[in-house]
Each structure stands twice: as structure tokens, then as C-alpha cells.
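Here is a short report on one chain. Look at the structure first, then read on.

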Amino acid sequence: MKRTRYALVALLSAVTLALAVEPAAAQTSTSSGLINELNLKLLYVAIPITLLVEVILIYTVLKFRNNPDPKPTKENRRLEITWTIATAIILLFVGVASYGVLADPAVTYMEDSQDQEAGPGPNDVVVNAEAFQWGWEMTYPRENVTSGATIVLPQGQDVYIQVTSRDVIHAFHVPDLGLKMDAIPGEQNTIMTTPLETGEYQGYCAEYCGVSHSQMYFTVEVVPQDQYQQWLQEQRNSGGDGDGGNQSAGGNQSAGGNQSADGNQSGGNSSAVNVPPALVALGN
Ligand SMILES: [Cu+2]
């Protein structure tokens with residue numbers, strides 16, 4: 001009796017202690033930071049419970065292994081009240097902690113929510129991520145830039161990734177940044193995040209979509225602000241088509257990317273990166 005109460009007290013103190021110690025995990029983005037922190041918090045709760053249950057189980061098996069005449073447990077109101085309250089506290093903690101993370105726009109972004117500032121601000125980055133069988137078409141509608149299967153993002157800037165599909169259901173997934181979203185034809189699902197650490201992150205399709213599903217890779221590059229601006233400028237100058245723009249640097253600088261139709265005729269590239277200007281316009 002006393003022992004059980006000690007165990008419960010020990011369990012609750014362990015949980016309280018775990019909460020007091022804030023984990024200093026490396027955050028690649030605001031989204032992954034929130035998710036990893038919650039994961040760790042729940043682990044701190046789960047480990048003592050697992051240990052408690054296992055210890056009681058092993059103790060019982062050893063203690064009563066030679067008992068041919070087991071007696072039923074008598075009613076013990078105090079014990080029952082204790083474990084009911086302890087369970088309620090644990091469940092309440094798990095519920096509140098999970099809700100706090102799930103309701104955060106960096107984890108669940110609600111397009112038409114009244115609470116948050118309406119959509120991306122003037123300095124925020126907007127990327128359209130369009131999936132198709134089998135690849136990705138990333139466009140920056142505000143910059144009139146198309147970047148194929150690569151997304152370049154500025155570090156520390158709010159980013160809105162609008163995920164959609166051209167044909168069947170796909171899914172946009174970048175595990176190391178804590179990003180995952182369904183890509184559904186005719187629908188636009190938005191991810192909001194802030195990349196915090198520079199580096200190259202692997203993304204892929206996370207919804208089986210046909211023979212070449214496993215080839216649906218893309219790359220997310222997080223770079224410092226100035227490097228991002230430089231990259232955008234380069235993309236505009238080359239008009240989004242691999243090699244066409246660079247030879248005639250003079251003409252392209254003034255015209256922006258829209259004249260690239262000429263480049264396509266001579267080049268004849270048929271890679272996914274090459275998109276007719278009409279499609280880029282559709283992205284807007
Ligand atoms: Cu896919």
C-alpha cells in the first residue's frame with residue numbers, strides 16, 4: 001500500500017522534473033522545433049510510466065509465483081482515488097501539451113482562420129509546390145521564378161509553401177524540417193514555417209502515386225538572406241530555363257524572365273525545369 005503510493009509520488013515528481021528541464025534540441029525550423037520538443041516531453045512522461053508498470057509486473061510475478069491459492073484484491077478506496085487522479089493529471093498534461101503544438105500555425109496552418117494575421121506579409125516568401133506524376137514544379141509567384149525540383153529559402157524568414165497537385169494525390173514531405181502536407185488536385189494546402197538553420201534538406205513524395213513514386217525527390221536549400229536575393233536574381237536572369245539566358249546577358253537583364261520562350265526553341269530541353277510561361281502565369 002505505502003509502496004504503491006511512493007511509486008506514484010516518484011512518478012509524478014519525475015514528470016514535474018522533466019518539465020522543468022527544457023530540452024535544448026537543435027531546431028532546423030520552427031515546425032521541427034515544436035514537434036521535437038513535444039516528442040521529448042511525451043517521452044519524459046512515457047518512460048517513468050513504462051518503468052513503473054514493468055517493475056510492478058516483475059515484482060508480482062516473482063512474489064506470487066508459488067501461490068497455488070490466490071486471494072482476490074479487497075476494495076481500497078484510497079488507492080483507487082490516487083490512481084484515478086494521477087491518470088487524470090497525466091492525460092490532461094498530454095492533451096494540453098499536444099493541443100498547444102497542433103494548434104500552432106507552424107504545425108497546422110489554417111488558411112481561413114480569423115485569429116492569425118491574414119496570410120503572408122509583404123516580406124514573407126511564398127512558394128507554390130506543385131506535384132505531378134512524377135516530379136515537382138516549384139514556383140515563386142511573387143518573384144515570377146520557376147525553380148524545378150529545388151526550393152531555396154532565406155534563413156529566419158517566414159515561408160508559406162502552397163502545396164497542390166496536377167494529377168493524383170501526392171504528399172510534400174521534408175522530414176528534417178518537420179514539414180509534411182498532402183498534395184491534392186484542385187486544392188491548395190499551405191505550410192507555414194520559418195527555417196532556422198542553413199543547409200540542404202532532402203524532400204520527397206510521401207504518398208504512393210504510381211510507378212515512379214520513389215523518384216519524386218526535391219531539395220530544400222536554406223541559405224542566408226543575401227544569398228537568397230542573389231539566387232532569385234540569377235533565376236530571373238536565366239528566365240527559369242537551364243542554359244538559354246546566360247549567353248545573352250545584355251538582353252535578359254532588362255526583360256526579366258518572360259522572354260525565355262526564344263531560348264526554349266533553340267535549346268529544345270524537355271526537362272521538368274522547363275515550363276512554358278503560360279504555366280508560370282497560372283501559378284499566379
Ligand atoms: Cu507522388
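## W231 and its surroundings

In this predicted model, W231 counts as partly exposed, because 18 C-beta neighbours lie inside 10 Å. A buried residue would need 20 or more. W231 belongs to helix α4, which covers residues 225–238.

Which residues does W231 touch, once its neighbours within four places in sequence are left aside? The contacts are V152 and V223. L153 offers a view across the sequence: W231 and L153 are 78 residues apart along the chain. In space, their C-alpha atoms are 9.8 Å apart.

## The sheet

Five strands make an open sheet. Their order is β3-β2-β1-β5-β8, and the pairing is mixed. Strands β3 (145–146) and β8 (189–193) stand at the edges. Each has a single partner strand, so one side of each is left without a neighbour in the sheet.

Inside that order, β1 sits beside β2. Strand β1 spans residues 125–132 and strand β2 spans residues 135–140. How do these two strands run, parallel or antiparallel? They run antiparallel, and 5 bridges join them. E130 stands opposite E137 in β2.

## The chain as a whole

The chain has 284 residues, and 25% of them are buried. Its secondary structure comes to 8 helices and 10 strands. Helix α4, the home of W231, is one of the helices.

Now take the contacts with a separation of 6 or more. Of these, 65% are between residues 24 or more positions apart.

Terms used
Residues are numbered from 1 along each chain as its sequence is written. This is a predicted model: local features need pLDDT of at least 70, side-chain atom pairs count only at pLDDT 80 or more; totals for chains, interfaces and linings use all residues. Helices (H or I, at least four residues) and strands (E, at least two) are DSSP runs, numbered from the N terminus. A residue is buried if 20 or more other C-beta atoms lie within 10 Å of its own, exposed if 12 or fewer, and partly exposed in between; C-beta atoms are placed from the backbone. Two residues are in contact if their C-beta atoms, placed from the backbone, lie within 7 Å. Two strands pair if DSSP finds at least two bridges between them.
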